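Visitor: Hi, I have a structure open and would like some help reading it. Could we go through it together, one topic at a time?

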Amino acid sequence: MKITQPLLITIILIAISCNKDKFTTIPQVSIKSISPGTVVSGNIINMRGNYTDKEGDLDSALIVYKWYNGTTVVKKDTFRFSFASLRMPPKTKDAEISVDFQYNTTNPNGFVTLPGVFPKDTTATLGLILIDAAKNRSNYAESNQIRLKKP
């Protein structure tokens, strides 16, 4: 049976792409969802995403908070947390990540605290960067905007 050249090239390209390793030494992260869309004081905010890391040696996470006035960022803070404090299993190479925040509270009960510091309603995004033991930083992934109601 004779295989035509374009068909042979297609088969080779498919074989190469199927064998390509999706895990990299540099961690990769994506944000899939954030809820609820409107948040009041004391609410729990849940941000979900996925990550991969070839060695499974994630060490810490940078959480980036951005508050907006319209489309302009008016406040931006970055906080570092150990990967273990986010209740993620160690030595995992590919998993869903879920980070829970509690808005405007002094009693976080194991949640990352998201302060309510504005005199009026505002919008915000939450971002995530993962860092492994070798200090490799993942890409920056950011959530959709959510509405923060004035405390």
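Visitor: Leaving aside its neighbours within four places in sequence, which residues is lysine 66 in contact with?

Guide: Please keep in mind that this is a predicted model. Once the neighbours within four places in sequence are set aside, lysine 66 is in contact with Val73, Lys75, Lys76, Thr123, Ala124, Thr125, Tyr140 and Glu142.

Visitor: And where is lysine 66 placed?

Guide: Lysine 66 is found in strand E4, which covers residues 58-69.

Visitor: Is lysine 66 buried or exposed?

Guide: Lysine 66 has a relative accessible area of 15%, and it counts as buried because the cut-off for that word is under 20%.

Visitor: What does the side chain of lysine 66 make a polar contact with?

Guide: The partner is the side chain of glutamate 142, at 3.0 Å, and Glu142 also appears among the contacts of lysine 66 that I listed above.

Visitor: Let me step back a bit. What does the secondary structure of the protein chain come to?

Guide: The protein chain has one helix and 10 strands, and if you read along the sequence the helix is followed by the strands, in the pattern α-β-β-β-β-β-β-β-β-β-β.

Visitor: How much of the protein chain is made up of buried residues?

Guide: The protein chain has 151 residues, and 34% of them are buried. The accessible surface of the chain comes to about 8,800 Å², and carbon and sulfur atoms account for 56% of that surface.

Visitor: What share of the contacts with a separation of 6 or more is between residues 24 or more positions apart?

Guide: Among the contacts in the protein chain with a separation of 6 or more, 65% are between residues that lie 24 or more positions apart.

Visitor: OK, new topic: how many salt bridges does the structure hold?

Guide: The structure holds five salt bridges, and one of them is formed by aspartate 59 and lysine 135, whose closest N and O atoms are 3.9 Å apart. Aspartate 59 lies in strand E4 and lysine 135 in the loop between strand E8 (122-132) and strand E9 (141-142), so this pair ties together parts that are 76 residues apart in sequence.

Visitor: How exposed are aspartate 59 and lysine 135?

Guide: Aspartate 59 is partly exposed, with a relative accessible area of 35%, whereas lysine 135 is exposed, with a relative accessible area of 53%.

Visitor: Which residue does aspartate 121 form a salt bridge with?

Guide: Aspartate 121 forms a salt bridge with lysine 149, and their closest N and O atoms are 3.1 Å apart. This pair links distant parts of the chain, since aspartate 121 is in the loop between strand E7 (112-114) and E8, while lysine 149 is in the segment after strand E10 (146-148), 28 residues apart. Aspartate 121 counts as partly exposed at 25% relative accessibility, and lysine 149 counts as partly exposed at 32%.

Visitor: Now the inside. How many residues are in the largest nonpolar core?

Guide: The largest nonpolar core has 29 residues, and those with the most contacts inside it are Ile45, Tyr51, Phe101, Leu114, Leu128 and Leu130. The elements that give two or more residues to this core are strand E1 (28-35), strand E3 (44-52), E4, strand E6 (94-103), E7, E8 and E10.

Visitor: Which residues form one aromatic cluster?

Guide: Tyr65, Trp67, Phe79 and Phe101 form one aromatic cluster. The count of aromatic pairs comes to four, and one of them is tyrosine 65 with tryptophan 67, an edge-to-face pair with 5.6 Å from centre to centre and 70 degrees between the planes. Tyrosine 65 counts as buried at 2% relative accessibility, and tryptophan 67 is buried as well, with a relative accessible area of 1%.

Visitor: And how far apart are the ring centres of tyrosine 65 and phenylalanine 101?

Guide: Those ring centres are 6.2 Å apart and the planes are at 70 degrees, so the pair is edge-to-face. Tyrosine 65 lies in strand E4 and phenylalanine 101 in strand E6, so the pair ties together parts that are 36 residues apart in sequence, and both residues are buried.

Key: Residues numbered from 1 in each chain as written. Predicted model: local features only at pLDDT ≥ 70, side-chain atom pairs only at ≥ 80, totals over all residues. Heavy atoms only, no water. Helix = DSSP H or I, 4+ residues; strand = E, 2+ residues; numbered from the N terminus. Buried < 20%, exposed > 50% of the residue type's maximum accessible area, 1.4 Å probe, protein only. Contact = heavy atoms within 4.5 Å. Areas by Shrake-Rupley, 256 points an atom, 1.4 Å probe, with all protein chains shown as cover. Polar contact = N/O pair within 3.5 Å; in protein donor to acceptor, adjacent residues only side chain to side chain. Salt bridge = Lys/Arg side-chain N within 4 Å of Asp/Glu carboxyl O. Core = buried A, V, L, I, M, F, W, Y, C linked by side-chain atoms within 4.5 Å. Phe/Tyr/Trp six-rings, centres within 6.5 Å; stacked < 30°, edge-to-face > 60°.
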